[in-house]
Amino acid sequence: IGKTLIMCSLATNMVLNGNNVLYLTFEDPENKIAARIAQNMFNVTQQEFKAMSRENFYKAFSGIHAKIKSRLMIREMPEYSVNALQINALLKELKEKKGFIPDVVFIDYIGCMIPNGKPNANLNTNTTLQLIAAQVRALAQVHGFPIISGLQANRGGNGIAELSLSDVADSYASTMKADAIFGVTQPEDFQQQNCYCMKLLKTRYGGKNRGATFLVGVDTEKQRIYDVQQDKVKND
């Protein structure tokens, strides 16, 4: 749950903290992703954002723009027709034509991509997504920035309190290529408290925290996640 909301919230935080961000969207159009990020940056709800006059929008945008030195690029990509090589070509184009070099890239999400090379009808879904994950990770290694994406949960992972790696839809093998994976759920009692339950399912950066579960607050109207006092949430 909440893949795009979480990625938009992280992208907003990174821009506000001085990082150049490239956001590649496969399912939502560019203007919808831009609106989600703007709601967060302007600290307004969806209805307040839609009701903003052109003048008020310009004031809010100018106020944010004056505070940040970084850049945000959002690019809408067609589903099931883009591979890691084409993203690499886009990175080169943005650098040469716009002087833009990202510090972090969001891909929303890798399940909408295809592998490099010619289509191979003999590849099943598991192997296809494993290839895509490996090629996207290689892209991050070559350029030296992190790539953040999402994966769908399968039917068995729908509605459960805590996900495991076996609950990833279509390709368990794709999880082997990730450096860190968080499972995000929202049990019914957490819905009432506006929280997500996040579990660290995998990490290459030390195993002592693997399996750790923590809570984050979620403000759907302003498209953001935030820190919460876990004891308070559990007691309320």
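Which residues does Ile-87 touch, not counting residues up to four places away in sequence? In this predicted model, Ile-87 touches Leu-24, Val-82, Ile-107, Met-113 and Leu-139 once those sequence neighbours are set aside. Ile-87 also belongs to the largest nonpolar core, a set of 23 residues, where it is listed among those with the most contacts inside the core, together with Leu-22, Leu-24, Phe-26, Ile-107, Ile-110 and Met-113. Several elements contribute to this core, since β1, α5 (84-98), β3 and α6 (125-143) each supply at least two of its residues, and α6 gives the most, with five residues. A second core, separate from this one, has 19 residues and includes Ala-11, Val-21, Ile-37 and Ile-74. In soluble globular proteins, nonpolar side chains tend to be buried together.

The sheet comes next. Four strands form an open sheet in which the order is β2-β1-β3-β4 and the pairing is parallel. Strands β2 (72-76) and β4 stand at the edges, and because each has a single partner strand, one side of each is left without a neighbour in the sheet. Reading across the sheet from β2, five bridges join this strand to β1 in the parallel sense, and here Leu-22 stands opposite Met-73 of β2. Strand β1 pairs in turn with β3, again parallel and over five bridges, with Thr-25 standing opposite Asp-108 in β3. The pairing of β3 with β4 (residues 147-148) is parallel as well and runs over two bridges, and the bridge partner of Phe-106 in β4 is Ile-148.

Strand β3 deserves a closer look. Five of its five residues are buried, so the strand is largely enclosed by the rest of the structure. In a regular strand the side chains alternate between the two faces of the sheet. In β3, Val-104, Phe-106 and Asp-108 point one way while Val-105 and Ile-107 point the other way, and the residues on both sides are buried.

Phe-106 leads on to the aromatic residues, among which the model has six aromatic pairs. The rings of Tyr-23 and Phe-106 count as stacked because their planes meet at 15°, with the ring centres 5.8 Å apart, and planes under 30 degrees apart fall into that class. This pair links distant parts of the chain, for Tyr-23 lies in strand β1 (residues 21-25) and Phe-106 in strand β3 (residues 104-108), 83 residues apart. Both Tyr-23 and Phe-106 are buried. Another aromatic pair, formed by Phe-42 and Phe-49, is tilted, with 6.4 Å from centre to centre and 40° between the planes. Phe-42 is buried at a relative accessible area of 14%, and Phe-49 counts as buried at 18% relative accessibility, because the class takes in values under 20%. Phe-42 and Phe-49 form one aromatic cluster together with Phe-57 and Phe-61. A ring also takes part in a contact of another kind at Tyr-109, where the charged end of Lys-3 sits over the ring, 5.4 Å from its centre.

One last site lies in a loop. Gln-186 is found between β5 (180-185) and α7 (188-192), and its side chain reaches the backbone oxygen of Cys-195 at 3.2 Å. Apart from neighbours within four places in sequence, Gln-186 is in contact with Ile-1, Gln-191, Cys-195, Tyr-196 and Val-218.

Definitions and conventions. Residues are numbered from 1 along each chain as its sequence is written. This is a predicted model: local features need pLDDT of at least 70, side-chain atom pairs count only at pLDDT 80 or more; totals for chains, interfaces and linings use all residues. Side-chain values use heavy atoms; hydrogens and water are left out. Rings of Phe, Tyr and Trp (its six-membered ring) pair if their centres lie within 6.5 Å; planes under 30 degrees apart count as stacked, over 60 as edge-to-face and the rest as tilted. Buried means under 20% relative accessible area, exposed over 50%, partly exposed in between (1.4 Å probe, protein chains only). A charge sits over a ring if NZ of Lys or CZ of Arg is within 6 Å of the ring centre and within 35 degrees of the ring normal. A polar contact is a pair of N or O atoms within 3.5 Å; within protein, one must be able to donate a hydrogen and the other to accept it, and residues adjacent in sequence count only if both atoms are side-chain atoms. Contact means heavy atoms within 4.5 Å. A nonpolar core is a set of buried Ala, Val, Leu, Ile, Met, Phe, Trp, Tyr and Cys residues joined through side-chain atoms within 4.5 Å. Two strands pair if DSSP finds at least two bridges between them.
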